[in-house]
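Hi,

Here is the structure I promised to pass on. Have a look at it first, and my notes on what turned up are underneath.

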Amino acid sequence: MNHKGIELQFHWIFIMVAGALILTFFTTIANKQYNIAVQKSEYQLVNNLETLFSVALKTPNTVNELRVSSPIEFKCTEYGCKYKVENAELPFYNKLIFSAQKQEGDLKLWTLDFEKPFRVATILLISSSETKYYLVYSDETEADKLMSRIPQGMNVEKIQKGNEQNIPYSGEKQTRFVYYLTQREQIHNSFNEKNVDAVELSQGIVTFYDEDSTSTSSYSQDDASIFAAIFSANKEMYEYQMKKLFKRTADVAEVYKKRTENLLTSTCLYNSAEIQKVIDITTPQEINQFSQLSTQASILKTENERIINQGCPEIY
């Protein structure tokens, strides 16, 4: 091969290598731009959820509908809670959210007031078309009372105890069996290897069951704490959020205690000690004090009615 032929071959090799490098360069740039666009879209969705959750929480005792195009993950540890879409995530901040670990499709956002006995905060309960809840009961009267307080569309169905073994898997991505005032039983074998768990509520104790563990906590006989337990992904979410509610209860009680001290007169005798008991119970943020808190809330409610009947300004 002559010198001119060698130069020509080298020339074409150089063009091919340079072309490959240029193509790789632009492909890399395009991929980076695509990844940036995807990340921007994910963060935009998370920020939109933040806004929608905030708006929903401003109106208690309502149900809002939301359709999401990407799955949302909700997760809590002892250090905090967050929700996540793909790689974008945000903490709950001060929002009191109770949800299954993953939500997708058509969502229902249900807000409820937490009162002990005064209004403390609004909580947000999230359900979806892809999560099925079976309320298992032995006392139909109590089950009907609970069901009557659940808005339509929350995907909750009641079944009598013993019949859960006859209920086959119906295709939802998540299923939870809620044993209300009764004990957990065996379920239909079609749920084997499906995403299914259970929660049991009885005598002030809530027990969370999943594939690997069993854990317990406490609840009280009010809508907010019962439904928070039903819709919480696990004990970690339930307890972390309930501890925040206990802290807020103590903070609000402090405000009402100062109010009664300022309103105290010779004719209007306020018993601020009853409010102080609420503060003492909730300040340690021990969830196992739920029964004591409920009892004290009832006492304080009676005290508020007494002071109103005397023609004095209410405590709360």
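Let's start in a loop: N155 sits in the one between α2 (140–148) and β8 (156–160). Before going further, keep in mind that this is a predicted model.

N155 caught my eye for its backbone. Its phi is near 65°, which is positive even though the residue isn't glycine. For background, most residues other than glycine have a negative phi, and most peptide bonds are trans. Is N155 buried, partly exposed or exposed? With a relative accessibility of 21%, N155 counts as partly exposed, because the buried class stops at under 20%.

N155 also turns up among the contacts of K132. That lysine is part of strand β7, and it counts as buried because its relative accessibility is 11%. Leaving out residues up to four places away in sequence, K132 touches N155, E157, E172, Q174, T175 and R176.

Two more backbone oddities:

- Q203 has a positive phi too, near 55°, and is not a glycine. Q203 belongs to the loop between β10 (196–202) and β11 (205–209), and it is exposed, with a relative accessible area of 76%.
- The peptide bond from K116 to P117 is cis, with omega near -15°. You'll find P117 in the loop that runs between β5 (102–115) and β6 (119–128).

Now the inside. Rolling a probe the size of a water molecule over the atoms shows where empty space is left. How many cavities of 30 Å³ or more does that give here? The count is 1, and the largest cavity holds about 40 Å³ of space. Its lining consists of Y133, Y134, L135, L146, I150, V156, V178, I230 and F231. Two elements, β7 (131–137) and α3 (223–231), each give two or more residues to that lining. The biggest share comes from β7, with 3 residues. As for chemistry, the lining has 9 nonpolar residues, with no polar and no charged ones. So β7 is worth a click: the strand that holds K132 is also the top contributor to the cavity lining.

On the whole chain: there are 6 helices and 12 strands. Of the 316 residues, 42% are buried. If you take the contacts with a separation of 6 or more, 60% of them link residues 24 or more positions apart. The chain exposes about 17,300 Å², and carbon and sulfur atoms supply 50% of that area.

Last, how far to trust the coordinates. The mean pLDDT of the chain is 89, and 87% of the residues reach 70 or more. Which elements mark the two ends of the confidence range? Helix α1 (residues 3–57) has the lowest mean pLDDT of the elements, at 63, while strand β4 (residues 97–99) has the highest, at 98. Residues 28–39 have a pLDDT below 50, and beyond near neighbours in sequence that stretch makes 0 contacts in the model. Where pLDDT is low, the predicted coordinates should not be read in detail.

That's the lot from me. Over to you!

Cheers

Note on methods. Residues numbered from 1 in each chain as written. Predicted model: local features only at pLDDT ≥ 70, side-chain atom pairs only at ≥ 80, totals over all residues. Heavy atoms only, no water. Helix = DSSP H or I, 4+ residues; strand = E, 2+ residues; numbered from the N terminus. Buried < 20%, exposed > 50% of the residue type's maximum accessible area, 1.4 Å probe, protein only. Contact = heavy atoms within 4.5 Å. Areas by Shrake-Rupley, 256 points an atom, 1.4 Å probe, with all protein chains shown as cover. 1 Å grid on protein atoms, 1.4 Å probe; cavity = no way out; pocket = protein on both sides within 12 Å on 5 of 7 lines; lining within 4 Å. Points joined across faces, edges and corners; volume = space filled by probe spheres on them. Nonpolar A, V, L, I, M, F, W, Y, C, P; charged D, E, K, R; others polar. pLDDT = per-residue confidence, 0-100.
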